[in-house]
Amino acid sequence: MSFSVEKWYNEYMNKPSVKYMGEISDDKVSYILDTVEGKLEEWEIKPKAIRKVYNVSVEALQNLYHHAFKPPKEIDNCSKFAGYILEQTGENEFKLITGNFIDLNQKRKLQNRFDQINYLSTNEVRALYKLILNNSEFSFKGGGGLGMIDIARKTKHKLGYKFYEYNENIFFFEFNVVIS
Amino acid sequence: MNPIKIEGTRKTPDIYFDAELGKIEIEGRSIPENSIEFYKPLVDWLDDYAEVANDKIEVNIKLEYFNTSSSKCILDVFKKLEAIYKKNKDVVINWHYEEDDEDMLEAGEDYQSILKIPFKMIEMEE
């Protein structure tokens, strides 16, 4: 059976969550971040955990804003399409999940990038962050991959990913990470 | 030189750069999608300020959140201040962080290790 983005999105229904799926624009990123902040306060989460979740959400959402592709036309007509899910999995533990469509070339690049980051120790992740930060070649659009390295650094958890085949050229890329 | 005073928003920090007083302050959130656009006038101002800089310059950074694209722009601001410091000016960067915010402390330590300019880490009570 082929991949259904609605089914993917609706899998995350059971736990307290913040969810969004649709067009990703500057305004939508702000809207999601405001919703996340409001919910975390409503759930009476400790300030330290709020900061961490907010920081990771900023990087994940801005990554989507800069890199999300146009979805297949039968899914949506917008230019950038993505899903964002924040689930509370424990008292001060969360799982952040994002999803967006990519092509085969992107799939290979992402897989290499994530495997490289996951291979590093906490200290090596910090050293890599500093190296890229102080490198003038770094792209402001996030081409240096600083956003994902920052997420690995702040969460101290391995970056999870899955690729769902939509058709032979298009994949749906799921990113997930635990924040605790 | 005219001072720069910019009021903060949900995504950009309060800015106060005053040449006469030798004060540079960045406070709040720095998470704009396009950080270069926001920081370029500040970096340009520091280029001009380098020519007329006071003997003593106090820099206060009190950030609640900053994204990775701002982190590069903040480094650019610090590099301009480092150039002024190398002209034998008394420049100190006061890096403020909330008491349990280890990530913000680490971020300050990273800048400190990259730059040759005095940093003072200041813990604030929540």
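Reader: Which residues does B:Tyr85 touch, leaving out those up to four places away in sequence?
Author: In this predicted model, B:Tyr85 touches B:Val91, B:Lys116, B:Ile117 and B:Pro118. Touching here takes heavy atoms within 4.5 Å. B:Tyr85 itself lies in helix α2 of chain B.

Reader: Why is B:Tyr85 called partly exposed?
Author: Its relative accessible area is 30%. Buried would need under 20% and exposed over 50%, so B:Tyr85, at 30%, counts as partly exposed.

Reader: What is the span of helix α5 of chain A, and what is expected?
Author: Its twelve residues, 122–133, reach 17 Å from first C-alpha to last. At 1.5 Å a residue you'd expect 16 Å, so the two values are close.

Reader: Why do you say the buried residues of α5(A) line one face?
Author: The buried ones are A:Val125, A:Tyr129, A:Ile132 and A:Leu133. Look down the axis and they fall within an arc of 100 degrees, so they line one face of the helix. Turned away from that buried side are the exposed A:Asn123 and A:Leu131.

Reader: Which helices do those buried residues pack against?
Author: From chain A, α4 (104–119) and α6 (146–155); from chain B, α2 (68–85) and α3 (102–114).

Reader: Which residues have the most contacts inside the largest nonpolar core?
Author: B:Phe78, B:Trp95 and B:Tyr111, in a core of 84 residues. Helix α3 of chain A (residues 47–67) gives the largest share, nine residues. Apart from this core lies another, of twelve residues, including A:Phe3 and A:Tyr166.

Note on methods:
Residues numbered from 1 in each chain as written. Chains lettered and ligands numbered in written order. Predicted model: local features only at pLDDT ≥ 70, side-chain atom pairs only at ≥ 80, totals over all residues. Heavy atoms only, no water. Helix = DSSP H or I, 4+ residues; strand = E, 2+ residues; numbered from the N terminus. Buried < 20%, exposed > 50% of the residue type's maximum accessible area, 1.4 Å probe, protein only. Arc of directions from axis to C-beta. Core = buried A, V, L, I, M, F, W, Y, C linked by side-chain atoms within 4.5 Å.
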